[in-house]
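Student: I would like to go through the terms used for a protein model and see what each rests on. Can we take them one at a time?

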Amino acid sequence: MLRKSVAKLPDYVSDSTPERLAKAAGLAKLTRLSFNENPVGTSPKVKEALANWAFSQGRNYPDPDALPLRTAVAERLHVNPDQLLFSSGLDEMIALICRTFLEVGDESLQPWPTYPEYQLQAAIAGATTVNAAVRPATGLIDLDDLAAHITAKTKVIWLCNPNNPTGTYLPISQIAQFMKRVPADVLVVVDEAYIDFVADVPNPSALSLVTQFNNLLVMRTFSKLYGLANFRVGFSIVPQRVIAKMQNVRLPYNISGISQTAALAAWQDQAFTQTVKQQLLTARQQWSAFFEANHIQHYASQTNFMLYQVADPQALGAFLKQHGYLVRDSMVPGWIRQSFGTPAQDAEMRQLLLTFPKTDTEVPN
Ligand SMILES: *Cc1c(COP(=O)(O)O)cnc(C)c1O
C-alpha cells in the first residue's frame, strides 16, 4: 500500500509539548531549550497587528502571493520580489525542494551532522542521502569533502549556515569558492535559519551570491529571530529559472492570512529584533566564557544555541529534565545541543551543569 520510500521510513515519534512532558514526569514545569526557540518572545507589534486583523476575512482564502509581506521582504533584502517563495515554515520549504528536485535514484548531499529534516524529506522523495564531513576539531563544514562527494547522481546539496547543530559559520567567500566547484545543474540550498545571529561579519548572508550563481537557493525563517515559530512562515530566494515551477509545486494557500499579518508586523519591528540579537549575543558570550572556564569542549557558535561535549549526554539530559530543562541529548553522540534561555534560566542552567557530577571537564585532543 505504501510507496517504497515511505515504507522504509522509521515510525513517527512525537516531540509532544513541554506541558505534557512535564505532566508525564510529575513536574510542575519544563522549559524547552531543545528547539532553539526565541527566549525573548514575540514583538508586541505582532499582537497589535493580530488584534486589528479583520475577522470577517476568516471565510476567505488567504492571499496566495502574500503580497504585502513579499514586497516588504524584497525591499529590505534588495531581491526581486518574483524570486521569493513563501512556505509554512522552512520545514515545508525543505519538503517542497525535495518534491521539486529529487526522485528515486538521485543523491541528496549534506555534511553531517546537520539539520535532520533534509534527510527525512529526501528519503520520502525516494532519494539517497550522502553524508560529507564536519571537521571534528572545529565543527566547521568541510567544503572540500563536500565537493569530493559530488557525483553524477547529486541533485541537491544542503549547506546549513550557520550549521545546526554545530552552530558554526562559514564565510561567504568560502561558499562562493565552493559554488564554483558545483556543476551548474546541481541545486545548492543554503539554510540561513540562524543568519541573523551572526556577529562581527559585515555581510554574512549568501544572498550576495544569488545574482552570480543561478543554482543557489537561500532559505530564511521567521521562527527564530522573529519569535514566530507558532505561525509557520519561512521564505526562499529561488533561482529565476526554477521559481515558476516551484510556485506550482507549493500548495496555493500554504500561509494563512493571520500568519502573513504576523510575519509582516514582525519584519517591520526592527527595534525588537535588535533587542533579541543583543540579548542572545550576550547569552552566547556568557556561555562561551562558562565553557572555557570549565574546560568543556564546545564549538564556536554564531547562533542562539551551543553544542558541547559531555561524557554521558543522556545522563545529563535526564538530570536537567529532573530540574526542569529540556535539551537535545541524542542528536550527536557524546554532545548536548542547548538553546539559550532567558538570563535567569541560563544562570540556573550553569549552576546545574556545575552540580552535575558527570559533566566531562576533560579537553579531548
Ligand atoms: C528551526 C530550523 C528550521 C525550520 O524552521 P521552521 O521555519 O520553523 O520550519 C530550518 N532549518 C534549520 C537549520 C533550523 O534550525
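Tutor: What follows takes each term, its cut-off and the residues it applies to.

Tutor: This is a predicted model, in which local features need pLDDT of at least 70 and side-chain atom pairs count only at pLDDT 80 or more, while totals for chains, interfaces and linings use all residues. Residues are numbered from 1 along each chain as its sequence is written, and side-chain values use heavy atoms, with hydrogens and water left out.

Student: Why is Lys224 called buried?

Tutor: Buried means under 20% relative accessible area, exposed over 50%, and partly exposed in between (1.4 Å probe, protein chains only). Lys224 has a relative accessible area of 14%, so Lys224 is buried. Its place is in the loop between β7 and β8; helices (H or I, at least four residues) and strands (E, at least two) are DSSP runs, numbered from the N terminus.

Student: Why does Gln119 count as partly exposed?

Tutor: The relative accessibility of Gln119 is 34%, and therefore Gln119 counts as partly exposed. Gln119 is found in helix α6 (residues 117–124). From Gln119 to Lys224 the separation is 105 residues in sequence and 21 Å in space, C-alpha to C-alpha.

Student: What does Lys224 touch?

Tutor: Contact means heavy atoms within 4.5 Å. Not counting residues up to four places away in sequence, Lys224 touches Phe35, Asn36, Asn38, Ala193, Tyr194 and Phe197. With that exclusion, Gln119 touches Gln110 and Thr129.

Student: Which annotation covers Lys224?

Tutor: An unreviewed UniProt entry carries "modified residue: N6-(pyridoxal phosphate)lysine" for Lys224. UniProt positions are given in the numbering used here, feature names are shortened, and annotations may be inferred rather than shown by experiment.

Student: What makes β2 and β8 a pair?

Tutor: Two strands pair if DSSP finds at least two bridges between them. Strand β2 (residues 84–87) and β8 have four bridges, in the antiparallel sense, so the definition of a pair is met. Ser87 stands opposite Gly234 in β8. Strand β7 (residues 216–221) is also joined to β8 by four bridges and runs antiparallel to β8; there, Val218 has Ile237 as its bridge partner.

Student: How do you know that both faces of β8 are covered?

Tutor: In strand β8 (residues 234–237), Gly234 and Ser236 on one side are buried, and Phe235 and Ile237 on the other are buried too.

Student: Which elements do the buried residues of α4 pack against?

Tutor: They pack against β2, β7, β8, α9 (240–249) and α10 (257–268). In helix α4 (residues 67–77), the buried residues are Leu69, Arg70, Ala72, Val73, Ala74 and Leu77.

Student: What makes one space a cavity and another a pocket?

Tutor: On a 1 Å grid over the protein atoms alone, a cavity is a set of points where a 1.4 Å probe fits but cannot get out, and a pocket is an open set with protein on both sides within 12 Å along at least five of seven lines; lining residues have an atom within 4 Å of a point. Grid points are joined across faces, edges and corners, and a volume is the space filled by probe spheres set on the points. The search finds one cavity of 30 Å³ or more, and the largest cavity holds about 50 Å³. Its lining includes Asp63, Arg70, Phe86 and Arg250. The second largest pocket has a volume of about 640 Å³. Of the 30 residues lining this pocket, Arg76, Leu77, Ser205, Leu207 and Arg220 are the closest to its centre.
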